[in-house]
Amino acid sequence: MIAPRRALRDVFPYQPGKSIASVQRELGLKTVVKLASNENPLGPSPLAMAAYRKADKACALYPEGTSPELRSALARFHGVEPESIIVGNGSDEIIRLLCEAFLDPEDEVVVSQHAFIRFKQQASMMGARVIEVPMTDWTHDLGLMAQAASPRTKLVFVANPNNPTGTYNTQEELEGLLASVPKTSLVVLDEAYFQFAESIPGYPKSLPELVNKHDNLVVIRTFSKAYGLAGLRVGYGVADCELTGWLDRIRMPFNVSLPAQRACVEALKDAAFVKRGVAVSDSQRQVVARGLGELGFGVGDSATNFVFARAPIPGRELFKALVRQGVIIRPLDEYGLPHHVRISIGTAVQNRALFAALKKVLAKVPA
Ligand SMILES: Cc1ncc(COP(=O)(O)O)c(C=O)c1O
């Protein structure tokens with residue numbers, strides 16, 4: 001066997017949320033509720049889907065590789081230049097491109113201990129040295145992260161709000177980080193859950209304000225969560241155009257499919273859909289948090305469409321037992337949190353199914 005690169009020896013595949021189809025296949029269940037990947041329980045944006053369907057005739061042709069129409073639409077949406085936008089196959093691709101573009105072996109990357117796991121996975125694959133900084137109250141401690149950054153630090157990752165802890169950092173904290181890190185360190189601000197947090201007082205105004213002010217800041221967003229388009233795989237980064245130019249050079253030639261590009265242009269116009277999804281998430285999150293509390297979970301505050309909770313039994317045991325009841329949640333042992341789980345907020349109907357299943361499972365646990 002040919003040996004892979006040294007940096008890949010300890011790499012394991014990313015563990016995505018278990019799929020509905022796999023549970024149906026394995027257990028022969030008809031109805032399965034998935035609350036494991038923070039998708040939109042209302043489905044996709046209808047405006048986006050109309051454009052997706054209309055794109056069928058163009059599918060014989062390659063898409064435009066640079067996604068020009070989508071980048072122009074995003075540029076208008078955010079008040080920036082199209083050249084400062086890079087579109088990817090999910091925001092995951094942007095994370096990958098950043099690591100591939102900027103990390104030499106032994107370069108340093110600063111993340112916080114329970115940050116979105118793809119940051120450290122992708123950085124490790126480039127052979128970088130990952131410095132994990134402890135959290136404070138399950139929140140990135142941007143002061144400590146700034147202290148950990150040195151002239152050897154190339155990337156500082158901040159998911160805001162963070163997955164899986166659901167917590168967020170304020171504009172003031174972020175500005176403190178940006179003022180303290182070396183100008184040669186790029187701050188990667190991943191705002192996958194932006195729409196669920198933007199109305200919180202003190203939540204940062206990153207686009208276009210902070211990006212215009214700092215050429216060592218890149219902001220990442222996604223169409224997978226609030227727009228309900230996780231299956232299309234589209235995310236993007238916004239930064240100084242010299243930086244996006246490097247990512248553009250190394251991306252796959254046709255990294256975003258043609259129906260996906262067209263659908264996302266329309267999704268940006270569907271503010272009503274986003275608003276409805278956020279309202280459902282906000283009201284149902286309270287119901288879910290209260291219900292979990294009554295069942296003995298320790299539930300944290302969340303600025304997202306999921307809750308992070310300490311479970312009364314080990315997270316993986318709970319996950320397995322709930323799957324048998326047709327409900328998929330996310331255990332967090334991969335994050336070094338064997339007693340915690342992450343549960344996406346579903347519709348009222350889905351959440352009732354969650355609690356029916358939870359009550360059955362927990363009734364069997366000896367007191
Ligand atoms: C914080 C964060 N960033 C990025 C992603 C990747 O999303 P996608 O590749 O679907 O855009 C996720 C997905 O769960 C996430 O939680």
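This tour goes from the ligand to the enclosed spaces of a predicted model.

Residues are numbered from 1 along each chain as its sequence is written, and side-chain values use heavy atoms, with hydrogens and water left out. Because the model is predicted, local features need pLDDT of at least 70 and side-chain atom pairs count only at pLDDT 80 or more, while totals for chains, interfaces and linings use all residues.

**The ligand**

Select the ligand first, and then the residues around it (those with a heavy atom within 4 Å), which include Gly90, Asp92, Phe116, Asp190 and Tyr193. Now show the side chain of Ser91, where an N or O atom is 2.6 Å from an oxygen atom of the ligand. Turn next to Asn163, which has a polar side-chain atom 2.7 Å from a ligand oxygen, and to Arg233, where the corresponding distance is 2.8 Å.

**The largest cavity**

Which residues line the largest cavity? Select Val111, Ser112, Gln113, His114, Ala115, Phe116, Ile117, Phe119, Lys120, Glu132 and Tyr335, which form its lining (a cavity is a set of points, on a 1 Å grid over the protein atoms alone, where a 1.4 Å probe fits but cannot get out, and lining residues have an atom within 4 Å of a point). Strand S3 (108–112) and helix H5 (117–125) each give two or more residues to this lining (helices are DSSP runs of H or I with at least four residues, and strands are runs of E with at least two, numbered from the N terminus). The largest share, 3 residues, comes from H5.

**The second largest cavity**

Finally, select helix H12 (residues 271–294), which gives the largest share, 4 residues, of the lining of the second largest cavity. Among the residues of that lining are Glu39, Phe196, Val274 and Asn305.

Note on methods: A polar contact is a pair of N or O atoms within 3.5 Å; within protein, one must be able to donate a hydrogen and the other to accept it, and residues adjacent in sequence count only if both atoms are side-chain atoms. On a 1 Å grid over the protein atoms alone, a cavity is a set of points where a 1.4 Å probe fits but cannot get out, and a pocket is an open set with protein on both sides within 12 Å along at least five of seven lines; lining residues have an atom within 4 Å of a point.
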